[in-house]
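Please look at the structure below. The questions that follow ask why each label applies.

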Amino acid sequence: MQNLRMIVATVGIAVGTAGCGPVEWQVSASCEETKKCRIEGKIGGKIGGGERSSIPWYERLLKSSTSEIPDAAQFDIDISGSSVAFPANGLVTLLLFDSRLGAATAARQFHWQRSGNSLTLSNPDEVNAWAAGAAGTADELRYDLAAFEVGAVPGPNTIAASSRYQGATKAASVSDFQVCTKYPSPYQCGMTP
């Protein structure tokens with residue numbers, strides 16, 4: 001049954017920030033014909049250097065100068081390339097992950113909100129405090145928005161998400177999907193487009 005046409009393009013971009021080495025950003029956005037969608041991603045890689053390279057990711061950030069420490073308030077997901085209507089809010093699971101051990105060190109759910117074409121954390125200060133206290137040996141931060149329903153018209157639709165920090169795009173994903181309807185619609189469920 002091929003009533004779902006999905007094209008997913010996920011881009012992970014290595015970027016350099018002041019005083020830090022390459023950081024890998026990834027984001028993936030997808031929807032089903034039922035209008036249930038997901039956005040997930042990760043931020044990780046080598047941050048800091050020299051004498052700090054052997055200590056965990058978030059600890060390196062905490063030992064960095066104030067200008068090098070990431071702020072959850074500066075992170076957002078731009079959804080302006082989407083043809084669907086997003087809900088006003090939802091939940092996101094943040095997971096601190098140790099890639100050397102292949103295991104999560106901490107996980108917690110937080111609320112997100114939509115403001116125009118941007119999804120942001122509802123309480124970034126709470127996220128910052130949690131991440132600083134729970135980081136342990138983590139070298140990645142993974143995020144996964146709980147499945148949410150979008151407003152989409154019958155036929156072809158697009159969900160687009162760009163992971164941004166301080167307004168600069170770090171990774172982007174675009175996924176096309178089709179919402180089907182009952183006969184006599186040209187987008188019938190169970191029919192290949």
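Q: How many aromatic pairs does the structure hold, and what makes two rings a pair?
A: The structure holds 6 aromatic pairs. Rings of Phe, Tyr and Trp (its six-membered ring) pair if their centres lie within 6.5 Å; planes under 30 degrees apart count as stacked, over 60 as edge-to-face and the rest as tilted. This is a predicted model: local features need pLDDT of at least 70, side-chain atom pairs count only at pLDDT 80 or more, and totals for chains, interfaces and linings use all residues. Residues are numbered from 1 along each chain as its sequence is written, and side-chain values use heavy atoms, with hydrogens and water left out.

Q: Why is the pair of Phe 86 and Phe 148 called tilted?
A: The ring centres of Phe 86 and Phe 148 are 5.6 Å apart, and the planes stand at 35 degrees. That angle fits neither the stacked nor the edge-to-face range, so the pair is tilted.

Q: What does the pair of Phe 86 and Phe 148 tie together?
A: Phe 86 lies in the loop between β5 (75-78) and β6, while Phe 148 lies in strand β10 (residues 148-149). The pair therefore ties together parts that are 62 residues apart in sequence. Strands (E, at least two residues) and helices (H or I, at least four) are DSSP runs, numbered from the N terminus.

Q: Why does Phe 86 count as buried or exposed?
A: Buried means under 20% relative accessible area, exposed over 50%, partly exposed in between (1.4 Å probe, protein chains only). Phe 86 has 8% relative accessibility, so Phe 86 is buried. Phe 148, with 6%, is buried too.

Q: What makes the pair of Phe 110 and Trp 130 edge-to-face?
A: Their planes are at 65 degrees and their centres 5.6 Å apart, so the pair is edge-to-face. Phe 110 is in strand β7 (residues 103-115) and Trp 130 in helix α2 (residues 124-134), so parts 20 residues apart in sequence are tied together. Phe 110 is buried at 4%. Trp 130 is buried at 12%.

Q: Which residues do ring pairs link into a cluster?
A: Trp 25, Phe 75, Tyr 143 and Tyr 165 form that cluster.

Q: How do you know that the charged end of Arg 142 sits over the ring of Phe 97?
A: A charge sits over a ring if NZ of Lys or CZ of Arg is within 6 Å of the ring centre and within 35 degrees of the ring normal. The charged end of Arg 142 is 3.6 Å from the centre of the Phe 97 ring and sits over that ring.

Q: Why is Asp 98 called buried?
A: Asp 98 has 2% relative accessibility, so Asp 98 counts as buried. Asp 98 is placed in strand β6 (residues 89-98).

Q: What makes the approach of Asp 98 to Thr 137 a polar contact?
A: A polar contact is a pair of N or O atoms within 3.5 Å; within protein, one must be able to donate a hydrogen and the other to accept it, and residues adjacent in sequence count only if both atoms are side-chain atoms. The side chains of Asp 98 and Thr 137 make such a contact at 2.6 Å.

Q: Why is Gln 166 called exposed?
A: The relative accessible area of Gln 166 is 55%, so Gln 166 is exposed. Gln 166 is in the loop between β11 (155-165) and β12 (168-179).
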